[in-house]
There are 4 protein chains.
Amino acid sequence: MRRVHSKEVKMAALDRLQQRGITIEAIAEIVREMQLPYKPDLTLEICMESVLAVLQKREVQHAILVGAELDRLAEENLLSEPLLSLVRSDEGLFGCDETLALGSVFGYGSIAVTTFGHLDKHKIGIIRQLDTKKYGPDGPVHTFMDDLVASIAASAASRLAHRLRDEEEAAEEHRRAAN
Amino acid sequence: MRRVHSKEVKMAALDRLQQRGITIEAIAEIVREMQLPYKPDLTLEICMESVLAVLQKREVQHAILVGAELDRLAEENLLSEPLLSLVRSDEGLFGCDETLALGSVFGYGSIAVTTFGHLDKHKIGIIRQLDTKKYGPDGPVHTFMDDLVASIAASAASRLAHRLRDEEEAAEEHRRAAN
Amino acid sequence: MRRVHSKEVKMAALDRLQQRGITIEAIAEIVREMQLPYKPDLTLEICMESVLAVLQKREVQHAILVGAELDRLAEENLLSEPLLSLVRSDEGLFGCDETLALGSVFGYGSIAVTTFGHLDKHKIGIIRQLDTKKYGPDGPVHTFMDDLVASIAASAASRLAHRLRDEEEAAEEHRRAAN
Amino acid sequence: MRRVHSKEVKMAALDRLQQRGITIEAIAEIVREMQLPYKPDLTLEICMESVLAVLQKREVQHAILVGAELDRLAEENLLSEPLLSLVRSDEGLFGCDETLALGSVFGYGSIAVTTFGHLDKHKIGIIRQLDTKKYGPDGPVHTFMDDLVASIAASAASRLAHRLRDEEEAAEEHRRAAN
């Protein structure tokens, strides 16, 4: 059985996002909205860097591959029942979409988990556009993808919060050393 | 070494909530606010029942004992540094308060986790009153307790969502059988 | 879009286990092996009851539906690459199988999580028979199912540990009351 | 209220390990034992590097501070009852020790979680020496610390597994490029 190279996994994960019309910018905008209260001059570029860093992680890439596949198969009616109806209707008590997304959120600490919970409830930016419930019974299915985007954004926001603290501390030390 | 009886653990956990001025009603009000959009005629009594059911769980009781103890020790300056300052200031990147609270949330499914995240960000009702940051450096410390209350409310809300679905299905079957 | 009834979900989940040759007895045997050191006279019947109780949970049923579907699709070469190769080879760093299984384990406390970890490493009983790596490139795929069985067994074992404690305490009270 | 500098947190966390007689080497030995089946020529130095990398994480440092504090307070009988007895006896159904430790394990993927479960059951090396149950009622308390050491070892082992894969892939590419 062939062994899959990391690069192939990474390329495929980025490709799945693109196929669904999800850009790095769109995810970075959610990150920026989450972190602006703590860092008013935060640029979109820094948020994009953080999103890209999160997308380097194998756990995140694997979750994207699984979630995107299940959404696609639901769209093409290739899942068996009753899973097909559960995924197509983005059933509120389903939970496997959040579980899969949570797996990679944990890696960025408890702040990432609470931010994910917030995004899951409030569906900001591109997450709202992906909301499966907006579309009719024959529309596109993003049941897994909207949670994955929320998880990437939450992870990138938490990662940034930790980085910003490191920078503040470094700047403080520099100031002290200069005096 | 003596073995602690479950009843003693349960009584102590309920006692810790009371000592902090946290009533079952106050937690039930958060649960009601969370579930009203899905069940407009939801009574406070049903929410209280759900909160009490969550408080029967050993995991929840143990987490309350640990969290209340750390808050009390911080208040009385009995923790060693730098933990004392981290807990007293409810440091944003601390995370152990959320981790402890999350442990018992998981038991109620991924909806409970996302509801916890929402409550942690938005601090509704009694959770807002408990917010450690509101008080001065010598004020009360609720760093762990506010997350624990959010976790109990989130668990009770998720538990209720599952029960309400069960009841809807039972009612539907009854209707069908009657026709 | 039709709403799926809980009974349909439950029947489908039990059906998926059966299709893979996984009996309640086989899972109960793992539970018994896990709990025997603490309760030497534990019967298989009590373990089967505990497994059935775990299988009543929506989170568990949903996870079975998703996992069994992905295994089946991999077996029939209906997943797209590179996900197909990752699932077919039960790639060690894949992780989505454990993540999905962990989601429902959390509900049974931290003992359930550590027991799951143990079973995932040691592959006892039916879990070993399901191990995808045993089969050749065209053999059956149980990449998700072996972790799901480990998660059901771990949950049922943890549930039993909590129950046994409750019973011990009740017996103790009865003894005291009788004296 | 003073803000605690990251360096102070890190120094304190390393100090707590040292106070309990836990060396980086002892943790690295567990990591090596876990990874040797996959990499027979793995040196202790590489395992130590991985342990040190895990100890750089804020989540890990915070968990050490909380766990070491609770162990110390239990040892000095400064916790209130019934928490004191639960921690002193390392009560099997307690769970908060595993929950706290799991919080930082999640950061290293699902392999880290299953490895943690394995270590929690089998208590290899220094983890066995720390086992609270070995000591009498007035002996040292390591109820939280043994789980924290298991979590650090599991995280470092998982981190290493991911790194080794990266290196294998890099070496493979190099070979191909050379041909």
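Here's a walk through two contacts in this predicted model: the one between chains C and A, and a helix crossing between chains A and B.

Let's start with chains C and A. Interface size is often quoted as the accessible area that is lost when the parts come together. By that yardstick, chain C and chain A bury about 3,100 Å² between them, and 70% of that sits on carbon and sulfur atoms. Chain C puts 35 residues into the contact, and chain A puts in 35 residues too.

What about polar links? Eight residue pairs are in polar contact between chain C and chain A, counting pairs with both residues at pLDDT 80 or more. Salt bridges are another story: the rule finds zero of them across this interface.

Now look at the side of chain C that touches chain A. The elements giving two or more residues to it are α1 (6-19), α4 (58-75), α5 (83-88) and α6 (96-105) of chain C. The largest share comes from α4(C), with 10 residues. Sorted by class, this side of chain C has 19 nonpolar, seven polar and nine charged residues.

Next, swing over to chains A and B and find helix α7 (residues 109-122) in each. The two axes come within 7 Å and cross at roughly 100 degrees. Angles from 65 to 115 degrees count as roughly perpendicular, so that's how α7(A) lies relative to α7(B). On the α7(A) side, the residues making the contact include A:V113, A:F116 and A:H118, while those on α7(B) include B:V113, B:F116 and B:H118. By class, this helix contact has four nonpolar, 10 polar and four charged residues.

How values were computed. Residues numbered from 1 in each chain as written. Chains lettered and ligands numbered in written order. Predicted model: local features only at pLDDT ≥ 70, side-chain atom pairs only at ≥ 80, totals over all residues. Heavy atoms only, no water. Contact = heavy atoms within 4.5 Å. Buried area = accessible area lost by both parts, 1.4 Å probe. Salt bridge = Lys/Arg side-chain N within 4 Å of Asp/Glu carboxyl O. Polar contact = N/O pair within 3.5 Å; in protein donor to acceptor, adjacent residues only side chain to side chain. Helix = DSSP H or I, 4+ residues; strand = E, 2+ residues; numbered from the N terminus. Nonpolar A, V, L, I, M, F, W, Y, C, P; charged D, E, K, R; others polar. Axes fitted to C-alpha atoms, helices over the stretch in contact; angles between N-to-C directions. Parallel < 35°, antiparallel > 145°, perpendicular 65-115°, else oblique.
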